[in-house]
Amino acid sequence: MPKAKGKSRRQKYSYNLNRKRLYRSARRRAAPRIACSHIRHAWDPTKSVAQNLAEMGLAEDPNKAVPIPKKKLLGMEVESDGWEQGKKLVRKPYVVNEMEYEASLPEKKSNTLSRDLIDYVRYMIQNHGENYKEMARDEKNYYQDTPKQIKRKINVYKNFYPEEYKDFIVSLKQENMDVQ
């Protein structure tokens, strides 16, 4: 069956169409993206964002949740704006409790150095000791690091693996004693 006439033609650009409004309305209809798994599991898609957050005991607007007290110019007295009267019932307190527990856990230190960098630093210390200018002229200095860059890399290694560095230095001193 042949195509309808005129459909394969390029469409003319319509200057009168407001694309911003179309884009905004499409974004408004989309469901909110929730990063926290605790909130995601307790979320009720039939309710609004404000209702969901109020049920969980979370604030929709931080400016309203913790208001800045307004001071009088002369008396410097704090006015109350009636926030205490509008408290909502928290039906899902476990969400806040789980989030607080997760936040209280100590953070794992995931910083590590690459094996290549560790081997590079150990080679340089083993062959040149503390002479950074000599390290910069070494043939294994493939990236042509300056003496300051090499010193910085060695300091990073010292900070990441202090015990390993101490053991390495002690083993180097023992090797030097055995050689002499």
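This briefing covers the fold, the nonpolar cores, one pocket, two loop residues and the aromatic pairs of a predicted model. The protein chain has 9 helices and 0 strands, and its pattern along the sequence reads α-α-α-α-α-α-α-α-α. Of its 180 residues, 17% count as buried. Among contacts with a separation of 6 or more, 48% join residues 24 or more positions apart.

**Nonpolar cores**

- In soluble globular proteins, nonpolar side chains tend to be buried together.
- The largest nonpolar core has 15 residues, and those touching the most other members are Tyr 120, Val 121, Ile 125, Met 135, Ile 150, Ile 154 and Tyr 157.
- Two or more residues of this core come from each of helix H6 (115-128), helix H7 (132-136), helix H8 (147-160) and helix H9 (162-179).
- H6 gives the largest share of this core, with 6 residues.
- Beyond its neighbours within four places in sequence, Ile 125 is in contact with Met 135, Ile 154, Tyr 165, Phe 168, Ile 169 and Leu 172.
- A second core, separate from that one, has 6 residues, including Ala 42, Trp 43, Leu 53 and Met 56.

**Second largest pocket**

- The volume of the second largest pocket is about 270 Å³.
- Its lining consists of Asp 116, Leu 117, Asp 119, Tyr 120, Tyr 123, Lys 140, Asn 141, Tyr 142, Tyr 143, Asp 145 and Lys 153.
- H6 supplies 5 residues, the largest share of this lining.
- Sorted by class, the lining comprises 5 nonpolar, 1 polar and 5 charged residues.
- Tyr 120 appears both in this lining and among the residues that touch the most other members of the largest core.

**Loop between H7 and H8**

- Gln 144 lies in the loop between H7 and H8, as does Asp 145.
- Most residues other than glycine have a negative phi, and most peptide bonds are trans.
- Gln 144 is not a glycine, yet its phi is positive, at about 55 degrees.
- Gln 144 counts as exposed because its relative accessibility is 68%, above the cut-off of 50%.
- Asp 145 has a relative accessibility of 9%, which is under 20% and therefore counts as buried.
- Leaving out neighbours within four places in sequence, the contacts of Asp 145 are Tyr 120, Ala 136, Ile 150 and Lys 153.
- Of these contacts, Tyr 120 and Lys 153 also line the second largest pocket, as does Asp 145 itself.
- Tyr 120 and Ile 150, also in contact with Asp 145, are among the residues that touch the most other members of the largest core.

**Aromatic pairs**

- The structure contains 4 aromatic pairs.
- One of them joins Tyr 13 and Tyr 15 in an edge-to-face arrangement, with 4.9 Å centre to centre and 75 degrees between the planes.
- Both Tyr 13 and Tyr 15 are exposed.
- Another pair, Phe 160 and Tyr 161, is tilted, at 6.5 Å centre to centre and 50 degrees between the planes.
- Phe 160 counts as partly exposed because its relative accessible area is 32%, which falls between 20% and 50%.
- Tyr 157, Phe 160, Tyr 161 and Tyr 165 are linked into a cluster by ring pairs.
- Within this cluster, Tyr 157 is one of the residues that touch the most other members of the largest core, and Tyr 165 is in contact with Ile 125.

Methods
Residues are numbered from 1 along each chain as its sequence is written. This is a predicted model: local features need pLDDT of at least 70, side-chain atom pairs count only at pLDDT 80 or more; totals for chains, interfaces and linings use all residues. Side-chain values use heavy atoms; hydrogens and water are left out. A nonpolar core is a set of buried Ala, Val, Leu, Ile, Met, Phe, Trp, Tyr and Cys residues joined through side-chain atoms within 4.5 Å. Buried means under 20% relative accessible area, exposed over 50%, partly exposed in between (1.4 Å probe, protein chains only). Helices (H or I, at least four residues) and strands (E, at least two) are DSSP runs, numbered from the N terminus. Contact means heavy atoms within 4.5 Å. On a 1 Å grid over the protein atoms alone, a cavity is a set of points where a 1.4 Å probe fits but cannot get out, and a pocket is an open set with protein on both sides within 12 Å along at least five of seven lines; lining residues have an atom within 4 Å of a point. Grid points are joined across faces, edges and corners, and a volume is the space filled by probe spheres set on the points. Ala, Val, Leu, Ile, Met, Phe, Trp, Tyr, Cys and Pro count as nonpolar, Asp, Glu, Lys and Arg as charged, and the others, Gly among them, as polar. Rings of Phe, Tyr and Trp (its six-membered ring) pair if their centres lie within 6.5 Å; planes under 30 degrees apart count as stacked, over 60 as edge-to-face and the rest as tilted.
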